[in-house]
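Please work through the exercises below with the structure open beside you, trying each task before you read its solution.

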There are 2 protein chains.
Amino acid sequence: METMKFKEILKKRNLKATQNRLGLLEAISAFKTAMPYSELQKTLNYMDRVTLYRTIDKLKEQGVIHKAFQENNETFYAICGEKCSSDTHHHDHIHFKCIKCKAVTCENMDKALKISLPDYEIHKVAINVSGVCGVCLV
Amino acid sequence: METMKFKEILKKRNLKATQNRLGLLEAISAFKTAMPYSELQKTLNYMDRVTLYRTIDKLKEQGVIHKAFQENNETFYAICGEKCSSDTHHHDHIHFKCIKCKAVTCENMDKALKISLPDYEIHKVAINVSGVCGVCLV
DNA sequence: GAATCAAATGCAACAATGTTGCATTTAAGA
DNA sequence: TCTTAAATGCAACATTGTTGCATTTGATTC
Ligand SMILES: [Mn+2]
Ligand SMILES: [Mn+2]
Ligand SMILES: [Zn+2]
Ligand SMILES: [Zn+2]
């Protein structure tokens, strides 16, 4: 398993490598695409509901996972890439939700697209796209 | 007031011009920027909570209002432009949230920016930007 | 203006989501 | 093994969102 990898990641972020945190990371990792909250709750039903919320929050604020999509009160989470830190999530990718298979995926862009708003100071840009994924198209 | 304007809009969408619907449209309109759900509830406290949800849903699905932003379980609603129909929301604009004044606004783009994902069929694109608005920058 | 009728509303009851305080447990370092 | 701050579980609560059903209301026809 990648348990060792996750322990390292947690250590790097000064977070204790607890059973719950490792369990959550394994779960998201095994899910392949971004994992909806309801699935997390099902898979991790051994841990307290409150703890799940707090675990998600902590890992999110330390740049280990990120919220990939939110729709109809269903939130999807994905593991961050190497570039994310406790200071900032560094996401140069967009999020795609397939209306057929419902999968949410992180998609890299060929060229980083620049958003500009005159007189505004831009901090974060989130791009959410929906449509039909490659698998479901055939 | 613009009550007449709203009555026309509702008629065009085959929606009854009820007190609740007019009230909601007046409220959003008076709020200037996109209006958070919690504010809607405060302003429209005379109407049943369930009715507020159903009113929002109906007006949303008929292209009268649209969800402009969602963050931390706070959803912002704005009135649609002319181009929206009951079939499709036609939004060539992005949504901006100011981290200082918390206002959410609809911002038009100079040039419509194209998102492309090879092998994917793109239906909808939502772009949410946060930062500091012009007013709060000075 | 009164009658009609589908659409809209209010109410009750419920389910899911998210939050806070506090006592207990646990992982990491010494 | 000991120590300690961080993490957890539990209870209690607040908010958000949903469904069914009886009643009301707004648009249309007469
Ligand atoms: Mn992502
Ligand atoms: Mn908008
Ligand atoms: Zn798909
Ligand atoms: Zn501002």
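**Exercise 1.** In this predicted model, find which protein atoms lie close enough to phosphate oxygens of DNA strand D to count as polar contacts, taking 3.5 Å as the limit for a pair of N or O atoms.

*Solution.* Begin with the backbone: a polar backbone atom of D48(A) is 3.4 Å from a phosphate oxygen of DNA strand D. Turn next to the side chains, where T51(A) places a polar atom 2.9 Å from a phosphate oxygen of this strand, and where an N or O atom of K58(A) is 3.2 Å from a phosphate oxygen of DNA strand D.

**Exercise 2.** Describe the protein surface near DNA strand D by asking how many residues surround the strand, which elements supply them and how the residues divide by class.

*Solution.* First, count the neighbours: 21 residues surround DNA strand D, and the closest are T18(A), R21(A), R54(A), A17(B) and Y53(B). Of the atoms of DNA strand D that come within 4 Å of the protein, 57% belong to sugar and phosphate. Second, assign elements: at least two residues each come from α2 (19-31) and α4 (49-61) of chain A and from α4 (49-61) of chain B, and the largest share, 5 residues, is that of α4(A). Third, sort by class, which gives 8 charged, 8 polar and 5 nonpolar residues.

**Exercise 3.** Repeat the analysis for DNA strand C, and find which side chains make polar contacts with its base or phosphate oxygens.

*Solution.* Around DNA strand C there are 20 residues, with A17(A), Y53(A), T18(B), R21(B) and R54(B) the closest. Sugar or phosphate makes up 56% of the strand's atoms within 4 Å of the protein, the rest being base atoms. A base oxygen of DNA strand C is 3.2 Å from a polar side-chain atom of R54(A). For the phosphate oxygens, an N or O atom in the side chain of R21(B) lies 2.8 Å from one, and the side chain of N73(B) has an N or O atom 3.3 Å from a phosphate oxygen. The elements that give two or more residues to this surface are α4 of chain A and, in chain B, α2 (19-31) and α4; α4(B) gives the most, with 5 residues. By class, the surface has 8 charged, 7 polar and 5 nonpolar residues.

**Exercise 4.** Identify the protein donors of the zinc ion (ligand 4), and explain why their arrangement is tetrahedral.

*Solution.* The donors are the SG atoms of C98(B), C101(B), C133(B) and C136(B), which lie 2.3 to 2.5 Å from the ion. Along the chain, they follow the spacing C-x2-C-x31-C-x2-C. The arrangement is tetrahedral because the 4 donor atoms subtend angles of 104 to 116° around the zinc ion, and the test asks that all angles lie between 85 and 135 degrees. Since C98(B) lies in strand β4 (residues 93-98) and C136(B) in helix α5 (residues 134-137) of chain B, the pair ties together parts that are 38 residues apart in sequence. C98(B) is buried at 0% relative accessible area, whereas C136(B), at 24%, is partly exposed.

**Exercise 5.** Work out the strand order of the open sheet in chain A.

*Solution.* The sheet has 3 strands in the order β1-β3-β2, with antiparallel pairing. Its edge strands, each pairing on one side only, are β1 (35-36) and β2 (65-71) of chain A. To check one pairing, note that 2 bridges join β1(A) to the antiparallel strand β3 (residues 74-79) of chain A, and that P36(A) has F76(A) as its bridge partner in β3(A).

How values were computed
Residues are numbered from 1 along each chain as its sequence is written. Chains are lettered from A and ligands numbered from 1 in the order in which they are written. This is a predicted model: local features need pLDDT of at least 70, side-chain atom pairs count only at pLDDT 80 or more; totals for chains, interfaces and linings use all residues. Side-chain values use heavy atoms; hydrogens and water are left out. Donors are N, O and S atoms within 2.8 Å of the metal (3.2 Å for Na, K and Ca); water is not among the atoms, so sites may look incomplete. Four donors count as tetrahedral if all angles lie between 85 and 135 degrees; four count as square planar and six as octahedral if opposite donors are over 155 degrees apart and all others between 65 and 115; anything else is irregular. Helices (H or I, at least four residues) and strands (E, at least two) are DSSP runs, numbered from the N terminus. Buried means under 20% relative accessible area, exposed over 50%, partly exposed in between (1.4 Å probe, protein chains only). A residue is near a molecule or strand if one of its heavy atoms lies within 4 Å of it. A polar contact is a pair of N or O atoms within 3.5 Å; within protein, one must be able to donate a hydrogen and the other to accept it, and residues adjacent in sequence count only if both atoms are side-chain atoms. Ala, Val, Leu, Ile, Met, Phe, Trp, Tyr, Cys and Pro count as nonpolar, Asp, Glu, Lys and Arg as charged, and the others, Gly among them, as polar. Two strands pair if DSSP finds at least two bridges between them.
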